[in-house]
Amino acid sequence: MSRMDIPPGRLLRRLVIPQMLLALGAVGIVAVVAIATRENQGSSLTAIIVTACIAWALSCAGLAAVAHHYATRQVLDIAQTFRRALPAPIADVVRVPDHDALEQLAAAFGELIAQSREDQAQLRTIISSMTDALLATDHRQRILLSNEAATDMLGVPRDAKGKALWEVLPAEEILGAVAEVSLTGQRKTVSVAFRDGKQLEVTACRLPLRPAGFIVIAHDVTEAARYEELRKEFVANVSHELRTPLTLISGFVETLRDGAFDDPERARQYLATVQKHSEQLANLIEDLLSLSRLESDSKLRNPRVLRLPALVEKVRELLLPAAQKKNQHLSVEVRGDPPPALADVADLERAISNLLDNAIKYTPEGGTIRIVVSTQDRDPLVQVIDSGVGIPAGDLPRVFERFYRVDRSRSREMGGTGLGLSIVKHVVQRHGGTIEAASTPGAGSCFTIRLPASLAEQSTDG
């Protein structure tokens, strides 16, 4: 409050009255001295001076009392004004009528300043640790605040404070959203795609300032968009894989109902085809359930220590009849003394079986297939090596994708579901290992499973 804003009554009480009292006091002293001099002509000079001093002292004491009263009232008025500005919890603690009201107010405001600094530090910490990008601007779209995520996601420079939003953020979709918010006052959300494949979901809304500013929050939805595309692709692939055998089964059943049973030879052929595709459907459903379980649970179900040569030999015995039908030579080779592995026996056995089954299917009659168990940098390795048709170099990076087939028609003829290698990859990853594929078209393929030595060492040490 400036002096011009002080009410006339308060101005009179604080300034005019004290000045008038001082003037009256001075006049009174002079009058007392003059009267004493006139009435006491015979008095000594000392008596006159003493009388004047006593009068002056009394006047000063009275003036001091009056000045103290008005000064105290002024301090209390100031204290009451500041007390009303304090938040309720703190204002209740400050007792204005006390003689130390200003000290209490100073302590209260010091507490408020300290709390404000602490709140600001916490706010800055929270904002800087956000994974979402945040920009706050004033009503002129001048940047007031930004965090690290805004620099990473939106490319906003670290020294962007005070700069215009359009100077540091060239995305037209975001600027358009802010402009729309400034006109309508309603929250606006837009999707922004960048050339590097990154996708953001950006929300703009008002910042409650006077005048109102703007807040821009960007959330990275790249992974979510990718998973959504994978989900759509997966649903489309499953629908396609189910539709083909179901259509064939339905067609042959309709043919049998229309009289094909009268021809026993044709009926047997049709029933054999129906059985083949029914088994393919059953295998597809089983593989889908297995893949779903592997993706939803990252822990091993029944882990135990096992020797890989024994497991590989068991898989060989199970699939040896299929290899003998094609006159293939199937052998197991153990190099050195591979360490034991901590594994889920059923899952790891299925992964190796899938690799060996593919090798048998895609290796011509009379070919050779080897399962090699060895050690590399103390890690146990299992390799399935065949002399089959091989895989083109362009298809190698995608052979572990769900439903990906190098030759779709040939794979379906052999009863494949397109999920075998994907199941292998998920099983190996659950064991903390890796799988690699190498191939030369026309010369065969090699799939290598590498399990971590640390798990094996921990199991044996324990």
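**Cores, sheets and confidence in the predicted model**

Of the 44 residues that make up the largest nonpolar core, Leu308, Ile352, Leu355, Leu356 and Ile449 touch the most other members. This core is described here from a predicted model, and at least two of its residues are supplied by each of helix H9 (264-296), helix H10 (308-325), strand S8 (341-344), H11, S9, S10, H13 and S12. The greatest contribution to this core comes from H11, which gives eight residues. When neighbours within four places in sequence are left aside, Leu355 is in contact with Val384, Leu421, Val424, Ile435, Phe447 and Ile449. A second core, separate from the first, comprises 26 residues, among them Ile143, Met153, Leu165 and Val178. In soluble globular proteins, nonpolar side chains tend to be buried together.

The protein as a whole contains 14 helices and 12 strands. Of its 462 residues, 35% are buried, and the protein exposes about 27,300 Å², of which 57% is supplied by carbon and sulfur atoms. Among the contacts between residues at least 6 apart in sequence, 58% join residues that are at least 24 apart.

One open sheet is formed by five strands in the order S7-S9-S10-S12-S11, and its pairing is mixed. Strand S7 (329-334) and strand S11 (434-440) are the edge strands of this sheet, each pairing on one side only, and the twist from one strand to the next averages 15 degrees. The edge strand S11 runs antiparallel to strand S12 (residues 444-450), to which it is joined by seven bridges; within this pair, Thr440 stands opposite Gly444 in S12.

Two helices lie across strands of this sheet. Helix H11 (residues 345-361) lies across S7, strand S9 (368-376), strand S10 (379-386), S11 and S12, and runs at about 20 degrees to S10. Helix H13, by comparison, lies across S11 and S12, with a direction at about 140 degrees to S11.

Within helix H13 (residues 420-430) is found His426, a residue whose relative accessible area is 14% and which is therefore classed as buried, the cut-off for that class being under 20%. With neighbours within four places in sequence set aside, the contacts of His426 are with Leu291, Leu294 and Glu295. Although His426 and Glu295 are 131 residues apart along the chain, their C-alpha atoms are separated by 7.1 Å.

Another open sheet, also of five strands, has the order S2-S1-S5-S4-S3 with antiparallel pairing. Its edges are occupied by S2 and strand S3 (188-193), and because each of these has a single partner strand, one side of each is left without a neighbour in the sheet. The twist in this sheet averages 20 degrees from one strand to the next. Strand S1 (residues 133-137) and strand S2 (residues 143-146) run antiparallel and are joined by three bridges. Thr137 stands opposite Ile143 in S2, and the bridge partner of Leu135 in S2 is Ser146. Ile143 is also listed among the residues of the second core. Five residues lie between the strands in the hairpin of S1 and S2, where Gln141 takes a positive phi near 65 degrees.

Confidence in the prediction varies along the chain. The mean pLDDT of the protein is 78, with 74% of its residues reaching 70 or more. Confidence is highest in S12, at a mean of 93, and lowest in helix H14 (residues 453-461), where the mean is 47. At the start of the chain, residues 1-6 have a pLDDT below 50, and this stretch has two contacts in the model beyond near neighbours in sequence. The pLDDT is likewise below 50 over residues 458-462, a stretch that has three contacts in the model beyond near neighbours in sequence.

Conventions:
Residues numbered from 1 in each chain as written. Predicted model: local features only at pLDDT ≥ 70, side-chain atom pairs only at ≥ 80, totals over all residues. Heavy atoms only, no water. Helix = DSSP H or I, 4+ residues; strand = E, 2+ residues; numbered from the N terminus. Buried < 20%, exposed > 50% of the residue type's maximum accessible area, 1.4 Å probe, protein only. Contact = heavy atoms within 4.5 Å. Pairing = 2+ DSSP bridges. Axes fitted to C-alpha atoms, helices over the stretch in contact; angles between N-to-C directions. Areas by Shrake-Rupley, 256 points an atom, 1.4 Å probe, with all protein chains shown as cover. Core = buried A, V, L, I, M, F, W, Y, C linked by side-chain atoms within 4.5 Å. pLDDT = per-residue confidence, 0-100.
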